[in-house]
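Open your viewer, set a cartoon style and get ready to click along. This tour suggests what to select at each stop and tells you what is there.

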Amino acid sequence: MNVEEFREYCLSLKGVYEKMPFPNIPDKYSRDVLCFYIGSKWFCYVNIEVFDRCCLKTTPETAEELRERYDGVRPAWHMNKRMWNDVYFDSDVPDELIKSLVQQSYDIVFRSLPLKERKSIQLL
């Protein structure tokens, strides 16, 4: 999977929009981070220049299971490590599993949105 395929998949989910929220940060890696949002919260981010990994939310149990099973799943840098994983592309994590994890992250974050936001997204 390349960055455009990944981006298209994320944007195919209902109500998703993208934004690069860190344009003024001195760190180049952070400036090149593209975040995918549902409502007011992000559910995934990826560096569009390096495209080495994506960051995704799971349940704490799933996070632990994935880390035990795959070398390409590690606690997310700069996020809550109980629930957020960095999932590395070109690793032992199959592309189809990555897409499934993107969907799971979307679902978890969607459920955490205020009711008013969830309802407006469902109407799209």
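Start by selecting strand β4 and showing its side chains: Arg53, Cys55 and Lys57 point one way, Cys54 and Leu56 point the other way, and all are buried. Bear in mind as you look that this is a predicted model. The back-and-forth pattern has a simple background: in a regular strand, side chains alternate between the two faces of the sheet. Color β4 by burial and you will find 5 of its 5 residues buried, so the strand is mostly covered.

**Stop 1: the neighbors of β4**

Keep β4 (residues 53-57) selected and add β3; the two strands run antiparallel and are joined by 3 bridges. Two pairs are good to label here. Cys54 in β4 is the bridge partner of Val46, and Leu56 in β4 is the bridge partner of Cys44.

Next, add strand β6, residues 84-88. β6 pairs with β4 over 5 bridges, again in the antiparallel sense. Which residue in β6 is the bridge partner of Lys57? Select Trp84 and you have the partner.

**Stop 2: β3 and the hairpin before it**

Now center the view on β3, residues 41-47. Of its 7 residues, 5 are buried, so β3 is largely enclosed by the rest of the structure. Add strand β2 (residues 33-38), which runs antiparallel to β3 and is joined to it by 6 bridges. To find one of the facing positions, label Val33 and look opposite, where Asn47 sits in β3.

Follow the chain around the turn of this hairpin. There are 2 residues between β2 and β3, and Gly39 takes a positive phi near 65 degrees.

**Stop 3: Phe51 in the next loop**

Move on to the hairpin of β3 and β4, which has 5 residues between its strands. Select Phe51, which lies in the loop between these two strands. If you check backbone torsions, Phe51 has a positive phi near 45 degrees.

Is Phe51 buried or exposed? Its relative accessibility is 14%, and because the cut-off for buried is under 20%, Phe51 counts as buried. To see what surrounds Phe51, leave aside the neighbors within four places in sequence and show its other contacts: Met1, Asn2, Val3, Phe6, Val46 and Phe89. You have met Val46 already, as the bridge partner of Cys54. For a distance check, try Phe36: Phe36 and Phe51 are 15 residues apart in sequence and 14 Å apart in space, C-alpha to C-alpha.

**Stop 4: zoom out**

Clear your selections and color the whole chain by secondary structure. You should find 5 helices and 6 strands, arranged along the sequence as α-β-α-β-β-β-α-β-β-α-α. The radius of gyration is 14 Å, close to the 14 Å that the globule rule gives for 124 residues, so the chain is as compact as a globular protein of that length. Along its principal axes, the C-alpha trace spans about 40 × 35 × 25 Å.

Switch to a contact view if you have one. Among contacts between residues at least 6 apart in sequence, 46% join residues at least 24 apart. Buried residues make up 39% of the chain's 124 residues.

Finish with a surface view. The accessible surface comes to about 7,000 Å², with 53% belonging to carbon and sulfur atoms. Color the charged side chains last: there are 18 positive and 20 negative ones, and the centres of the two sets lie 10 Å apart.

Notes: Residues numbered from 1 in each chain as written. Predicted model: local features only at pLDDT ≥ 70, side-chain atom pairs only at ≥ 80, totals over all residues. Heavy atoms only, no water. Helix = DSSP H or I, 4+ residues; strand = E, 2+ residues; numbered from the N terminus. Rg over C-alpha atoms; globule rule 2.2 N^0.38 Å. Buried < 20%, exposed > 50% of the residue type's maximum accessible area, 1.4 Å probe, protein only. Contact = heavy atoms within 4.5 Å. Areas by Shrake-Rupley, 256 points an atom, 1.4 Å probe, with all protein chains shown as cover. Lys, Arg positive; Asp, Glu negative; His and termini not counted. Charge placed at Lys NZ, Arg CZ, Asp CG, Glu CD. Pairing = 2+ DSSP bridges.
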